[in-house]
Structure formats: C-alpha cells, structure tokens
Amino acid sequence: MQRIVVLAGGIGGARFLRGLKVAAPEAEITVVGNTGDDIHLFGLKVCPDLDTVMYTLGGGINEEQGWGRTGETFAVKEELGAYGVGPQWFGLGDRDFATHIVRTQMISAGYPLSDVTQALCSRWEPGVRLLPMTDDRVETHVLVDDPEGEGRKAVHFQEYWVRMRAGADAHAVVPVGAESAKPAPGVLDAVAHADVVLFPPSNPVVSVGTILAVPGIREAIAEAGVPVVGLSPIVGGAPVRGMADKVLAAVGVETTAAAVARHYGSGMLDGWLVDTADASAVDEVEEAGIRCRAVPLMMTDDEATAAMAREALALAEEVSA
Ligand code: GDP
Ligand code: CA
C-alpha cells in the first residue's frame, strides 16, 4: 500500500486532499496540519486549518467560502456582539462553535491536541489520518508598521490576515514558539515510513513554512530519502486566491511559481508542478536542481484536482527512478 504524507494548510491543502483521495483511493494518507494559525477566542481554542481539512474531507464545509460550516447561522456571534464582546471580525458560526467547545473542553481535561483532533475526526471521518504538526502552542505573528506610531508591532496572524486583510506591509513572519515545539506523536514516524511527501498548493510561508519550522520535521523529510513533490499555489505571478504575495514579500520571495520552488530549495524539493500558464518557468526551476513539469493546476472540481494529484504522484515516481 502506498503511504503518502501531505503537509497542509487550510483551503488549498484541503481541496487538494479531496482530489488526492480520488486519485489514490487505496493509499494511506497522513496529513500534517498547520497549527500556527490557531487562535484563542472567547476562551476557546480555534484551529482554522485543521478544521478546514476536517470539514472539507468530512462533507461539512461551506463550499463557496472554502472554510466554516455549511448551513451555518450566527446567533452566538450576534449575542456576543450585543454584550459588546469581540472580536466581531472573526466569523465563528454556531455550528463551528460546537467544535471549538468540544476541543477546548478536552484540552482543559488534559488531552493533547493530537488526541482531540482524532476525537473530532471520529465524527467527520475524513478518510485520512489528520495530525497537528505539534501538540505545543505555536502562534504565527506578523511584524507590521504600527498604524498608531512610528515603530513596528507584531500582530497575530489572524489579526493581520482577517481583520487587516493583509493591508499593511509585512516585514517579518514569526512562528512564535516553534523553536521549542516538538512534532506531534506520529508525525516523524509517518514521514520516516512514507513513500512520497507532497506539498499541496498551500501557502509556502504561513502554512507549509510553519510546519517545516517545527524542529525535526524538515530534517525528517530530508533524511527519509523519499521523493518530495510540491504544487505551486502561485499561478501567473499571483496567488490563485488569498494574499500569499504579502507574506512571500515579507520573507523576500518573489510571487512567482519558480521563486517559491527556489525558496523551498533542491535540498527539500525533488519535484515541482507549475501551472501551464507558467510553462516558461520550468527551465528556471530545473536549473535550480528541481524536476519540474507544467500541468493545469486549477482545482475547479474534484476531477481536475485528482488529475493534479496524479501528476504529482507520477513526478514523484519519476524522480525516485
Ligand atoms: P489557507 O490556510 O486557507 O490560506 O490555505 P492554504 O495555505 O492551504 O492555501 C492557500 C493557497 O492555496 C493560496 O496561496 C492559493 O493561491 C492556493 N490555491 C487556492 N486554490 C488554488 C487552486 O485552485 N490552484 C492552485 N494552484 N492554488 C490554489
Ligand atoms: Ca491557514
């Protein structure tokens, strides 16, 4: 049986995984999820990327939006607002609240996030093994110009992304706590026994980059000797959706498919898929020592996404031959 490990953020990772399950129905898929986006709100622990993967694969996602629950209502949020209790900029719906209540209750009872995630998944049955990158607290912060002063200030990633809509220039992205975090149980083992490691079209800085910032994960992937293949989230010099260009600029990386490949580097990536719109980037990526192909990379539906996953698996086979 083929064992596949995927390092996933939220929407891009989740949608890719849905196609991967179609492309490789017999494979054992382990997803290492980003938890750098996690935030505490109203006393509850919210894990946006883990939940996006869980809801998307479990059939509970709001399809148009790409995150949050289907059939959602917002009575609790409105009631909190009536008390003057914020933040109101983060959209937590009533159904979604239940997930965060269950998670917070289990964490307060002493369970690690990996156990909690497994318990939540026993309801959603995502058809993959979903592991947080770590059970330890890691929070991505973004350094921006202080709108009220001369200097700069660090804000939580969600404040930067959701409240500020990445409107201010980002000068640095820091996964606070990562340096002392340990990979969650099962992560290193899954990598060591993987036949292939995939980077889906997730954010290279605040999703995949954060996972790789947990000491041991990057090294385990490099040492496992398995083919590592990524799919570009940048098409035609722009993110397909979202504001990845802002955080790429913060780490000094151009918003092009080739620059993202070079950012990961040939020490990490064996293969890289770019969209057909970026066919002219193939030579540049190959010159950097990374095997590259141009194929359609738009996840318009499950069949198109499954075709992308097949291309990624074929490239992995090719680089390991
Ligand atoms: P987030 O945590 O919800 O921001 O999600 P991820 O980190 O997993 O993925 C976000 C990235 O997915 C963005 O940079 C998008 O450009 C990329 N993305 C979204 N849809 C597509 C698509 O259809 N094709 C490709 N190639 N990338 C996509
Ligand atoms: Ca995210």
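**Exercise 1. How many salt bridges are there between domain 1 and domain 2?**

Start with the ground rules. This is a predicted model, where local features need pLDDT of at least 70, side-chain atom pairs count only at pLDDT 80 or more, and totals for chains, interfaces and linings use all residues. Residues are numbered from 1 along each chain as its sequence is written, and side-chain values use heavy atoms, with hydrogens and water left out.

Step 1: find the parts. Domain 1 is 3-133 + 182-320 and domain 2 is 139-178, with bounds from an automatic or database domain assignment.

Step 2: apply the rule, a side-chain nitrogen of Lys or Arg within 4 Å of a carboxyl oxygen of Asp or Glu. The count between domain 1 and domain 2 is zero.

**Exercise 2. Work out how much area the two domains bury, and which residues of domain 1 lose the most.**

Step 1: take the accessible area (1.4 Å probe) that the two parts lose on being put together, summed over both. For domain 1 and domain 2 that comes to about 1600 Å², 67% of it on carbon and sulfur atoms.

Step 2: look at the domain 1 side. W89, M243 and K246 lose the most area to domain 2, and together they make up 37% of what that side buries.

**Exercise 3. Count the residues that touch across the interface.**

Step 1: use contact, meaning heavy atoms within 4.5 Å. Here 20 residues of domain 1 meet 19 residues of domain 2.

Step 2: set the centres beside that count. The C-alpha centres of domain 1 and domain 2 are 21 Å apart.

Note on methods: Chains lettered and ligands numbered in written order.
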